[in-house]
Amino acid sequence: VRISGSTSRPVREFEVTEQVISEVLNEVKDKHYEITFLLWAYTGMRFNEALARAWDDINIPSSTIQVTSSKTDVGKKAMVGTKFENGSNQIVTAPKTKAGIRSVHLHQAITELLERIPQDARTGYLYGTRKGTAVNGSTFRGRVFKPLMLKLGYPGIWPNDFRHYCITDLTNFAIKAQIDLKCVSDMVGYANVSTTLNIYNEARSDQNQRLGMLLANRNHLSVA
């Protein structure tokens, strides 16, 4: 679900659920951008953090990935007169916050995918262009993400919704297992546990509203 400053926002038509994640991952399986969707769904990385990940960040034996950078897409006009003028418009930056610098344990599905990549191909970005540069975020959204969501029937879902799904899922697991929620915040790059809980509580609020709507419709149909 998406964070909103309003306390009376409407329930979204589409919500990232386990079923949605399963459908999306099944659709992108064996595609060269599959790794990006896996990182969103299973590590809760931010959109540009996932696109900035490279093989140098990976430690397969320990099943971890280092998040030490993100990237920013800058228009060519904005780069005129800067040291980046003649280069790519993909500028590598520090993560959004200091807490964004972190080591993340990889889901088994990610490790298995990486292990299938031949040794001589384990260079550069995990998902990059043919020139070896990072993929432009706007291009990825327009050419890959939006068409995929439309095909699956989820036009209202955005990349950051995958991050919020992962955070909600990890928080739910941690609460049940009595694990300190600071561990979840550290994994997804939040400095404060309160931010993690805000996302979790908003997800539950959305689900309660959707349940209420379903019950209301059920009652209406039963009376008819």
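**Exercise 1. The end of helix α7**

Let's start where one helix stops: find the residue with positive phi that follows α7, and describe its setting.

*Solution.* Step 1: α7 is followed by Q178, and the phi of this residue is positive, near 60 degrees. Keep in mind as you look that this is a predicted model.
Step 2: place Q178 in the chain; the residue sits in the loop between α7 and α8 (181-188).
Step 3: check the surface. Q178 has a relative accessible area of 75%, and exposed means over 50%, so Q178 is exposed.

**Exercise 2. Another positive phi**

Describe the backbone, place and accessibility of D30.

*Solution.* Step 1: the phi of D30 is near 70 degrees, a positive value in a residue other than glycine.
Step 2: trace the chain to the loop between α1 and α2, where D30 is found.
Step 3: the relative accessibility of D30 is 63%, so this residue counts as exposed.

**Exercise 3. The overall plan**

Work out how many helices and strands the chain has, and in what pattern they follow one another.

*Solution.* Step 1: the chain has 9 helices and 5 strands.
Step 2: read along the sequence, they give the pattern α-α-α-β-β-β-α-β-β-α-α-α-α-α.
Step 3: turn to burial; 41% of the 224 residues count as buried.
Step 4: consider the contacts between residues at least 6 apart in sequence. Of these, 65% join residues at least 24 apart.

**Exercise 4. Helix α7 and its partner α2**

Describe α7 (residues 159-177), then its packing against α2 (residues 34-43).

*Solution.* Step 1: with 19 residues, α7 reaches 28 Å from its first C-alpha to its last, close to the 27 Å expected at 1.5 Å a residue.
Step 2: look for buried positions. Among them in α7 are F162, R163, Y165, C166, I167 and L170.
Step 3: bring in α2. The two helices pack at an angle of about 35 degrees, and their axes are 6 Å apart.
Step 4: list the residues that touch. From α2 come W40, A41, Y42 and T43, while α7 supplies P159, F162, R163, Y165 and C166.
Step 5: sort this contact by character, which gives 7 nonpolar residues, 1 polar and 1 charged.

**Exercise 5. A residue far away in sequence**

C166 also lets us relate α7 to the start of the chain: find how far its C-alpha is from that of T17.

*Solution.* Step 1: T17 lies in the segment before α1 (18-28).
Step 2: T17 and C166 are 149 residues apart along the chain, yet their C-alpha atoms are separated by 9.7 Å.
Step 3: T17 has a relative accessibility of 30%, and therefore counts as partly exposed.

**Exercise 6. The bend in helix α6**

Locate the bend in α6 and note which proline follows.

*Solution.* Step 1: helix α6 spans residues 137-152, with 16 residues in all.
Step 2: from first C-alpha to last, α6 reaches 21 Å, close to the 22 Å expected at 1.5 Å a residue.
Step 3: the bend is at F145 and amounts to about 30 degrees; P147 follows within four residues.
Step 4: F145 is itself buried, as are G137, F140, V144, L148 and M149 of α6.
Step 5: to think about such spacings, recall that an α-helix has 3.6 residues a turn, so residues three or four places apart point the same way.

**Exercise 7. Salt bridges**

Count the salt bridges, then find the network that includes E49.

*Solution.* Step 1: the count comes to 5 salt bridges, taking a nitrogen-to-oxygen cut-off of 4 Å.
Step 2: begin with D57, which forms a salt bridge with R53, the closest N and O atoms being 3.0 Å apart.
Step 3: D57 counts as buried because its relative accessibility is 12%, and R53 is buried at 0%.
Step 4: shared partners join R46, E49 and R102 into one network of salt bridges.
Step 5: take the bridges of this network in turn. E49 pairs with R46, with closest N and O atoms 2.9 Å apart, and both residues are buried.
Step 6: E49 also pairs with R102, with a closest N and O separation of 2.8 Å. This pair links distant parts of the chain, as E49 is in helix α3 (residues 47-51) and R102 in strand β5 (residues 102-105), 53 residues apart. Both E49 and R102 are buried.

Terms used. Residues are numbered from 1 along each chain as its sequence is written. This is a predicted model: local features need pLDDT of at least 70, side-chain atom pairs count only at pLDDT 80 or more; totals for chains, interfaces and linings use all residues. Side-chain values use heavy atoms; hydrogens and water are left out. A salt bridge is a side-chain nitrogen of Lys or Arg within 4 Å of a carboxyl oxygen of Asp or Glu. Buried means under 20% relative accessible area, exposed over 50%, partly exposed in between (1.4 Å probe, protein chains only). Axes are lines fitted to C-alpha atoms, for helices over the stretch in contact, and angles run from 0 to 180 degrees between N-to-C directions. Contact means heavy atoms within 4.5 Å. Ala, Val, Leu, Ile, Met, Phe, Trp, Tyr, Cys and Pro count as nonpolar, Asp, Glu, Lys and Arg as charged, and the others, Gly among them, as polar. The expected span of a helix is 1.5 Å times one less than its number of residues. The bend at a residue is the angle between axes fitted to the seven residues ending there and the seven starting there.
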